Amino acid sequence: MKQEQKENSRKNSAYEQLQPYLERAMALQTANILFEWDNETLAPRQAGACTARVQGALAAAYQELMTGEEVRGLLEKCEKESGFTEKELAIIREAKEEQRELSCIPPEEYRAFQELVAESTRIWTQARKDQDFEAFAPTLEKIIDYQKRFAGYQAREGQRLYDVMLDHYEKGFSMEKLDEFFALLKAELVPFLHQVTDKGTEIRDDFLEGDYPQEKQRRLAEELAEYVGFDFEKGVLAESAHPFTTNLHNRDVRITTHYKDRMDSSLFSVIHEAGHAVYEQGVADELTQTLVGQGASMGMHESQSRFFENIIGRDEAFWEPIYPKLQRMFPEKLGKISREDFVRAVNKVQPGLIRTEADELTYSLHVLVRYELEKMLIEENLSVKELPKLWADKYEEYLGVRPRNAAEGVLQDIHWAQGSFGYFPSYALGSAFAAQMAAFMKQSLDFGELLRKGEPGVIREVLRRHIHQYGKLRDSRRLLKDMTGEDFKPQYYVDYLKEKYGKLYHIEGCEQRNA
Ligand code: ZN
C-alpha cells in the first residue's frame, strides 16, 4: 500500500514530468550523432552543406528544448522534491549543467561561432596542406576570442577561464591539479627519455611495413576487436581517415579504423577504439539513453582505450596465443620474425613530431606541449603569431626533435580549429588512470597468466564491474577512488613507464620500481 502511494505521487512529480522532454532531447542528440558518423564514413562528398543544415536544425531544436521554459521550470521544481535515487540525482545534475551551459551563451553568438567552426576546419585543412600557418592564424585568433568569451559567460565566481574549459572535459582536474601532474611527467620522463635515446639500442621494426594486403588486415582487425571483447551484435567496424568511436546507445556502438602500409597502425588503433567501445557497450541498461548513459569523461574514456591498446595489447603475453595466427596470415613478412621481436618492434621508442603516431613513452610529452601552450594562450594572452616558434622550441626541449614546417608542428591537430580548448590534457590523464587501475588489478590478478591463456575477458569484466557499468553516474576521480582505494596518483604512471621501458632498453635501476 505504502509503495503504491509512493509510486502514485511520483507519477505526478516534476521529475516524472521532465522525462518526455529528456526523451525528445535524447532522440535529437542521437540523430545528430548518427549524422556525424555518416559524414565520416559513408556520406557522399557533396552531401556537406545540405546535411549541415539538417544537423544545424537538430542542434537548434535540442538547445531550444533544453533551455526552454518547461524544462527550466521542471528542474526548479525538482529542487523541492526528495527521495531521489542516485541515478535520478545524476540525471537532474546533468540536465541542470547542460541547461546552464547552453543558456548562458547568447544564441546569436553561439550560432556565429558554429558557423565559424564549420568554416575554420576547412581553412585549417587547407592551411595544413599548404604548410601555411599564416593562413590559419586569423581564424584561430577569432576562435580563441570566442572561447574566452564563452568561458567568461560560463565561469562560476572566481573561476579562471582555462579552468572553465578544462571542466568541460574532465571534472575535478583544474590547472592546480594538472600543473602538478604535468610537472611530475616533465621532471621524470624528459630525463628518462634521454637515457633511453642515449642508450642507442637498435630495435628492428622494418618488417611492420610493406606488403600487408588490406583485405587481410581487415579480417585481422575484426578478429582482434572481437578477441578483446567488442560485441559485433551491438556494434560495427568501418573505415575512416581518422579512427574514432561513435555511440548511439549501449546496443549500437560503432568504431572505425584505417588500413595503412604499416600494419601496426591499424592493429593498435582497432584495439584502442575497441577499448572505447567495450566501455560504451558495458554501460548498464538502466542508464543507457539517459543523460548519464555514456562514459564518465574524456579522460576516463581514454583510460579504457589505452588500457586495451597499451597495457593489454602491447604486452608480450597478449600475443602468445595469437601471434602464430598473424604469422600464418602474413608468412612472407612475419614467418621468420619471433614473437619477442614483434613485441619489441611494436613497443619501440622513437621521439617524433606527430602526436597520433607517438609511442607510449613519448605520448604524454606531446600532450604536455599542448597543455603549456593552451594555458599561455588563454591565461597569459600569448599571441597566436608566436605559436609556431614556441611549439618548435618545446618539442626540441622535451622530445629532441624540431618540426620543419607547420604541418608537422602546430597545425597537426584538428582540436583548436574545432574550438576544443582544454581537451588535450584528458589524453594524458587517461593514460595515467589506466596505469593506476592496472597497478591495482595486478595485486589480485595475474595479467600475464590470463593473457597467455587467451582470457582477456577476465580483465575486461573487472573493468566493467568497477567502471563501465556506471556510465556517467559518477565522475572520474570518484570512479578511480572507488576502484583502487586511492585518489588520483600519477606516480603509478611514471613507474609503469619506467619499469616497462627500463626493461626493454636495459636501463639500470628501473626494473624493480613499484609505486
Ligand atoms: Zn581514444
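Q: Which helix holds both H272 and H276, and how many residues apart are they?
A: Both lie in helix 11 (residues 263-281), 4 residues apart, or about one turn of the helix. Helices here are DSSP runs (H or I, at least four residues), numbered from the N terminus. An α-helix has 3.6 residues a turn, so residues three or four places apart point the same way.

A word on the model: it is predicted, with local features needing pLDDT of at least 70 and side-chain atom pairs counting only at pLDDT 80 or more, while totals for chains, interfaces and linings use all residues. Residues are numbered from 1 along each chain as its sequence is written, and side-chain values use heavy atoms, leaving out hydrogens and water.

Q: What makes H272 count as buried?
A: Buried means under 20% relative accessible area (exposed is over 50%, partly exposed in between; 1.4 Å probe, protein chains only). H272 has 8% relative accessibility, so it counts as buried.

Q: Which atoms coordinate the zinc ion?
A: They are H272 (NE2), H276 (NE2) and two OE atoms of E302, at 2.1 to 2.6 Å. Donors are N, O and S atoms within 2.8 Å of the metal (3.2 Å for Na, K and Ca); water is not among the atoms, so sites may look incomplete.

Q: Why is the arrangement around the zinc ion called irregular?
A: Four donors count as tetrahedral if all angles lie between 85 and 135 degrees, and as square planar if opposite donors are over 155 degrees apart and all others between 65 and 115; anything else is irregular. Here the 4 donor atoms subtend angles of 50 to 124 degrees, so the arrangement is irregular.

Q: What makes S303 count as buried?
A: S303, found in helix 12 (residues 298-312), has 0% relative accessibility, so it counts as buried.

Conventions
Tetrahedral: all angles 85-135°; square planar, octahedral: opposite > 155°, others 65-115°. Helix = DSSP H or I, 4+ residues; strand = E, 2+ residues; numbered from the N terminus.
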